[in-house]
Every structure is written in C-alpha cells, then in structure tokens.
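Q: I've got a new model open and want a quick walk through it. Can you take me round?
A: Sure. Here it is.

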Amino acid sequence: MGSIMGKAMDDNMKKQQAFMLKQGQMQLERQLQMQNAMRERQMAMQIARGRDLFNWWASFYAVAATGSIIGFAKKRNPAPLVPLVPLTFIVGYLYDMAYGSKMDRMREEADRIIDGEPGLLSMPHGLPTFNDIEKARLAQKDEQAVKQGHDIFL
C-alpha cells in the first residue's frame, strides 16, 4: 500500500513540476512581451521627439535662410549666407533621423556591433549575479537598521 501512495505522490509531484515549469515559461513570455512593448513605446517617444525637434530646427532654418538671403540681396556680400552651411547639415541630419532611414542604418550598425564587436558591450565586472544582488540588498537592509537605531538616539 505504501508503494501505491508513493507512486501517486510521485505522479502528482511530476505533474506539479510540469505545471510550475509551464507557469514559469508563461511568466517569462509575458515579461518579454511587456519589455518589448515598453521598448516600442520608448522608441516611439524618441522618434516623436526627433520629429518635434526637426520641426523647430526647420522653422529656425527657414527664418535664418530668409534673413540671410535678404541680407545678401541688400549688401551683395556673401557673409550672411555662411551660417546656412552648418544649419543645412543640422536640419538634414534631423530630417534623416525623424523621417528618413537613419533609424534603419543605426539598427544595422547596432547589429554589426553585436555580431562583430561583443567586447564593446560587456558590462564592467560582468553581469550581476544573484549573490551580488543579495549581498547589496542585505547591506542596504543592515544600513537602514543601523540608521534607525542611530535616529533613536538623536
């Protein structure tokens, strides 16, 4: 009779382990989906910010270009046109970032770095381990306990 109970418990334990494994997998998949959704939202905000910045720079460029052209027309001196050269590069860069293919080129370069230069991506002291995190957590907890004890005497 003991072996029947033991077998039933083993089967139940295996079912429970399979269930826990499936739950862990579902939780991980949900976390990955959530992180990806947050990454997409952050990227959308960066693109929107870039487009807004481009609109401001383009407006400034239009005013500066108009003033430079009027200054050139009045004095026949090309000096007022000189600021248009760097401004043209700035507005062109911002346009490429906001509406062009700059993001695609940056993503391709990031892929090349990940594939070909992984040493550039390593974190100082490597990835944090559970023990590192636990040690820092306990140290912070001890520090708070000492501070609370110190505050009692103040």
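Q: Which residues does the UniProt annotation "transmembrane region" cover?
A: The unreviewed UniProt entry puts that annotation on residues 53-73 and 79-98. Keep in mind that this is a predicted model.

Q: How much helix and strand is there over residues 53-73?
A: That span is 100% helix and 0% strand. Its end C-alpha atoms are 30 Å apart.

Q: And what about residues 79-98?
A: Here the chain is 75% helix, with 0% strand. The C-alpha atoms at the two ends lie 30 Å apart.

Q: Let's look at side chains. Where does Ser 68 lie, and is it buried or exposed?
A: Ser 68 lies in helix α1. Its relative accessible area is 9%, so Ser 68 is buried.

Q: What is Ser 68 in contact with, leaving aside neighbours within four places in sequence?
A: Pro 80, Leu 81 and Leu 84.

Q: Same drill for Leu 94. Which helix is it in, and is it buried or exposed?
A: Leu 94 belongs to helix α2. It is buried, because its relative accessible area is 11% and the cut-off for buried is under 20%.

Q: Which residues does Leu 94 contact, again leaving aside those within four places in sequence?
A: Leu 53, Phe 54 and Trp 57.

Q: How far is the Leu 94 C-alpha from that of Asn 55?
A: The two C-alpha atoms are separated by 9.0 Å. Along the chain, Leu 94 and Asn 55 are 39 residues apart.

Q: Phe 54 caught my eye. How many aromatic pairs does the structure hold?
A: Four. One of them is Phe 54 with Tyr 99. Their ring centres are 5.8 Å apart and the planes sit at 75°, so this pair is edge-to-face.

Q: Which parts does that pair tie together?
A: Phe 54 is in helix α1, residues 2-75. Tyr 99 is in the loop between α2 (84-98) and α3 (102-116). The pair therefore ties together parts that are 45 residues apart in sequence.

Q: Are those two rings' residues buried or exposed?
A: Phe 54 counts as buried, at 12% relative accessibility. Tyr 99 counts as partly exposed, at 40%.

Q: Which aromatic pair do Tyr 95 and Tyr 99 form, by geometry?
A: A tilted one. The centres are 5.6 Å apart, with 35° between the planes. Tyr 95 is partly exposed, at 45% relative accessibility.

Q: What do these ring pairs add up to?
A: They link Phe 54, Tyr 95 and Tyr 99 into a cluster.

Q: Switching to helix packing. How do α2 and α3 cross?
A: Their axes come within 6 Å and cross at roughly 75°. That makes α2 roughly perpendicular to α3.

Q: Which residues make the contact?
A: From α2, Tyr 93, Asp 96 and Met 97. From α3, Lys 102, Met 103, Arg 105 and Met 106.

Q: What's the mix by class?
A: The contact of α2 with α3 has four nonpolar, no polar and three charged residues.

Q: Now backbone. What is the phi of Arg 76?
A: Positive, about 55°, although Arg 76 is not a glycine.

Q: Why flag that?
A: Because most residues other than glycine have a negative phi.

Q: OK. Where does Arg 76 lie, and is it buried or exposed?
A: Arg 76 is in the loop between α1 and α2. It is exposed, with a relative accessible area of 64%.

Q: And what is the phi of His 125?
A: His 125 has a positive phi of about 65°, and it is not a glycine.

Q: Where is His 125 found, and is it buried or exposed?
A: It is found in the loop between α3 and α4, with α4 spanning 130-152. At 86% relative accessibility, His 125 counts as exposed.

Key. Residues numbered from 1 in each chain as written. Predicted model: local features only at pLDDT ≥ 70, side-chain atom pairs only at ≥ 80, totals over all residues. Heavy atoms only, no water. Phe/Tyr/Trp six-rings, centres within 6.5 Å; stacked < 30°, edge-to-face > 60°. Helix = DSSP H or I, 4+ residues; strand = E, 2+ residues; numbered from the N terminus. Buried < 20%, exposed > 50% of the residue type's maximum accessible area, 1.4 Å probe, protein only. UniProt positions renumbered as here; feature names shortened; annotations may be inferred. Axes fitted to C-alpha atoms, helices over the stretch in contact; angles between N-to-C directions. Parallel < 35°, antiparallel > 145°, perpendicular 65-115°, else oblique. Contact = heavy atoms within 4.5 Å. Nonpolar A, V, L, I, M, F, W, Y, C, P; charged D, E, K, R; others polar.
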